[in-house]
Amino acid sequence: MGSGAGDRGWAERRPVLFLFLLSLFCPAALSEQIRYKIPEELPEGSVVGNLAKDLGLSVGELPTRKLRISSEKPYFSVSSERGELLVSSRVDREQICGKKPACALEFEAVAENPLNFYHVNVEIEDINDHTPKFMQNSFELQISESTKPEARFILGSAHDADIGTNSLQNYQLSPNDHFILVNKEKLDGSKYPELVLKKPLDREEQKSYHLTLTASDCGDPSLSSTAQIQILVSDANDNPPVFSQERYRVGLLEKVFPGTTVLQVMATDQDEGVNAEITFSFTEAGQITQFDLNSNTGEITIRNTLDFEEVKEYSIVVEARDGGGLVAQCTVEIEVLDVNDNVPEVIFQSLPDLIMEDTRLGTYIALLKIRDEDSGHNGEVICKLEGGVPFKLLTSSRNTYKLVTAGVLDREQTPEYNVTITATDKGKPPLSSSSSITLHIGDVNDNAPGFEEAFYVVHVAENNPPGASIAQVSASDPDLGPNGQVSYSIVASDLEPRALSSYVSVSAQSGVVFAQRAFDHEQLRAFELTLQARDQGSPALSANVSLRVLVGDRNDNAPRVLYPTLGPDGSALFDTVPRAAQPGYLVTKVVAVDADSGHNAWLSYHVLQASEPGLFSLGLRTGEVRTARALGDRDAARQRLLVAVRDGGQPPLSATATLHLIFADSLQEALPDFSDRAEPSDPQAELQFYLVVALALISVLFLLAVILAVALRLRRSSSPTTWGCLRPGLCVKSGPVVLPSYNEGTLPYSYNLRVAHAGKTEFNFLKCNEQLSSGQDKLCPESSGALFPFCNSSESTSHQVSFL
């Protein structure tokens, strides 16, 4: 076996030249089969051919393309360095193909990046590695001496696993005078020997013959084996058994039950008595395991179930022997008929771990093979895909299919597909089987982030704490991993670029928008941001959304009085009213503004103090001062109104304004009257002065009490003149007095000061929100509107003084 392979030197290992040249000029032709021819029994590691070169792949491409073999049995492998197809295990043609005249191994060569499949056909040539062998080392024949020349005797045949010229070709018989050998051939092409009697036998002359039967093939070198034939010459039994047919042939379906009758051979013998009693037997009884033979009737029955896929035909030699020892033989050929008893199988090969969702149409996904051990129509298989999946099957070669993409893949809609392939043969009835695989779809960055809302509007009250969260935007990305990780940023704003970072910031991870400073509604009522959500894919995808921030108002600004105002010299302005003004006459108007908005800037006007209550009316919303009645004779010509302006906030803020009104028919009449008024002293300074005087008085009284106590203790009498300085008659009317002005006032309160004849002073406290101007009130002895009239009037008067 080894020498035969060595002499040939693997010289016949070659690809088909036409396909190789075609692959150089037409890459599309690579889907055709690449053919090689090698002898069997090559040593492991032997080179079959340069597969990479035949496929048009360079050596530099091999690490990337990862060329490999996809086969059920690893007969071959691919060298990763040079791309050569190597023998990786024993290749025995007889084991692989048996007696088939043509033997080839078909498999797929798989190249990745991109994935492609190439069909490879390696034809296995037979070498003369099997010697013809007889089933028995010796044969024994008993031939009657009365046997006539030309009688034929079938001898045991030899078996050779090789094919063609390497198989059994002829038989030879050792030289002798009485017998010759004839080579006969069966229908299946196998040869068997027949021994022909050339001359009559004479038992008395020679009782036995020892011959050598040689079976040889025509291999190079030729192989042969021998078997011994012993012929015993018996006494005359004139008539040997005769079969009704020299050859019996029957077809039998596989899977028939044991005990089923196959056929019955018939033989007759013209002799009588014992010489006519025929018994039947198999000539190679030890080799027949599937059948039983009734030795008396010649009926052949099935012992074990037949299997077409194992043995397709049986050739049996049946011997009929009469009582005198004469033998006749016939051949029984049993053809096993195939039934559709094998379900087709689907075998997946080269399945990928992931299929990227951007895979183009027509991309190879997997290779699958169909195996059905039946033959004919029973072994012809049709495959189809079940369900609506974006794939299709393409026929690659006999019983080989490619699974390719036939539709657009979208992982976000369908992350995986359960692909079921049903294989159905053409038998009657047909058999089918299904095989399922799960194909996982890989993610690519094909989805941009999407915000939950088309735009965002956020209301933020002013004076918010810096660093507080004012809004949160959220975007989602259906992709996986970094392709679905979203980060946020501010990409545009209607604020100044330099000021943007001092106003707001956004968390890149959570999308929370933070205020970097306290907002002021009066300075900035609204601003707009453009936020971007960006994924981490490559290339990255993004989406923008608009965020409008509305700064809400708080009541943080008190009303500001625009009119009345102080004059350029700091004096209080005044308004004149005609003495004949009728009720409803518009005297003046208090004008105030509020920097806030809405209810916080909704102003109302209220009279806090009036010299003559009921003389004037004040518009609640307009601030207009009108006469409520006509001026009476007892009404003073000079009137003073203290007006409070309040906003509508919660809590409300307010401011005050003092109106000086003079009833006069002309400005010349009003000016002298107003100029005669003494400059009012500072109420704060007057209060401090009175406190100092009171403290001094208390101190004096305390000192006098101490002196009096000491005097009483000394029992000394007091003189009436001693207390003369304390008599009330010593007070002298001195006219109006202006109190000293104290600029460092400390009591933020308003007081009502009442001066009584008995010298009793009463202070009523009234809270005030704004300091009166220095020119508000004047001390005048004859004016009823004076703030502090010092006189000896018998009736007490009440005046209001405002201090801060």
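P564 is found in the loop between strand 43 (560–563) and strand 44. The peptide bond that leads from Y563 into P564 is cis, with omega near 5°. These values, like the others in this report, come from a predicted model. A second cis peptide bond runs from Q650 to P651, with omega near -5°. The loop that holds P651 lies between strand 50 and strand 51.

**Strand 51 and its partners**

Strand 51 (residues 654–663) has 9 of its 10 residues buried, so it is largely enclosed by the rest of the structure. Strand 50 (residues 638–646) pairs with strand 51 in the antiparallel sense over 9 bridges. In that pairing R646 stands opposite S654 of strand 51. Strand 44 (residues 575–577) runs parallel to strand 51 and is joined to it by 3 bridges. There, T576 is the residue opposite I662 in strand 51.

One residue of strand 51 is A655. Is A655 buried or exposed? A655 has a relative accessible area of 5%, and because buried means under 20% relative accessible area, A655 is counted as buried. The C-alpha atom of A655 is separated by 5.9 Å from that of P559, although these two residues are 96 residues apart along the chain.

**Two open sheets**

Strands of a sheet pair through backbone hydrogen bonds, either parallel or antiparallel. An open sheet of 4 strands has the order 18-25-24-21, and its pairing is mixed. Its edge strands, each pairing on one side only, are strand 18 (247–253) and strand 21 (279–282). Neighbouring strands of this sheet are turned by 25° against each other on average, direction ignored. Strand 18 pairs with strand 25 (residues 327–337) in the parallel sense, over 7 bridges. L252 stands opposite V336 of strand 25.

Another open sheet is formed by 4 strands in the order 35-42-41-38, again with mixed pairing. Strand 35 (455–461) and strand 38 (486–493) are the edge strands of this sheet, each with pairing on one side only. The average turn between neighbouring strands here is 30°, direction ignored. Strand 41 (residues 526–535) and strand 42 (residues 542–552) are paired in the antiparallel sense over 9 bridges. T530 faces S546 of strand 42 across this pairing.

The strand pairings described above are collected in the following table.

| Strand pair | Sense | Bridges |
|---|---|---|
| strand 18 and strand 25 | parallel | 7 bridges |
| strand 41 and strand 42 | antiparallel | 9 bridges |
| strand 44 and strand 51 | parallel | 3 bridges |
| strand 50 and strand 51 | antiparallel | 9 bridges |

**Cysteines**

How many disulfides does the structure hold? The structure holds 1 disulfide, which joins C97 to C103 with an S to S distance of 1.9 Å. The link of C97 and C103 is right-handed, with 65° about the S-S bond. C97 and C103 are both buried.

Two further cysteines can be described by their accessibility. C330 has a relative accessible area of 0% and is therefore buried. C218 has a relative accessible area of 44%; because partly exposed covers the range between under 20% and over 50%, C218 is placed in that class.

**The second largest pocket**

The second largest pocket has a volume of about 1500 Å³. Its lining consists of 37 residues, and I96, K100, A104, R371 and R398 lie nearest its centre. Two or more lining residues come from each of helix 5 (93–97), strand 6 (104–111), strand 7 (116–125) and strand 28 (364–371). Which element gives the largest share of the lining of this pocket? The largest share comes from strand 6, with 5 residues. By residue class, the lining of the second largest pocket divides into 13 nonpolar, 10 polar and 14 charged residues.

**Residues with positive phi**

K66 is not a glycine, yet it has a positive phi of about 50°. K66 is placed in the loop between helix 4 (62–65) and strand 3 (68–70). With a relative accessibility of 47%, K66 counts as partly exposed.

N463 likewise has a positive phi, of about 65°, although it is not a glycine. The loop that contains N463 lies between strand 35 and strand 36 (469–472). N463 counts as partly exposed, at 41% relative accessibility.

Terms used. Residues are numbered from 1 along each chain as its sequence is written. This is a predicted model: local features need pLDDT of at least 70, side-chain atom pairs count only at pLDDT 80 or more; totals for chains, interfaces and linings use all residues. Side-chain values use heavy atoms; hydrogens and water are left out. Two strands pair if DSSP finds at least two bridges between them. Axes are lines fitted to C-alpha atoms, for helices over the stretch in contact, and angles run from 0 to 180 degrees between N-to-C directions. A disulfide is a pair of cysteine sulfur atoms within 2.5 Å. Buried means under 20% relative accessible area, exposed over 50%, partly exposed in between (1.4 Å probe, protein chains only). On a 1 Å grid over the protein atoms alone, a cavity is a set of points where a 1.4 Å probe fits but cannot get out, and a pocket is an open set with protein on both sides within 12 Å along at least five of seven lines; lining residues have an atom within 4 Å of a point. Grid points are joined across faces, edges and corners, and a volume is the space filled by probe spheres set on the points. Ala, Val, Leu, Ile, Met, Phe, Trp, Tyr, Cys and Pro count as nonpolar, Asp, Glu, Lys and Arg as charged, and the others, Gly among them, as polar.
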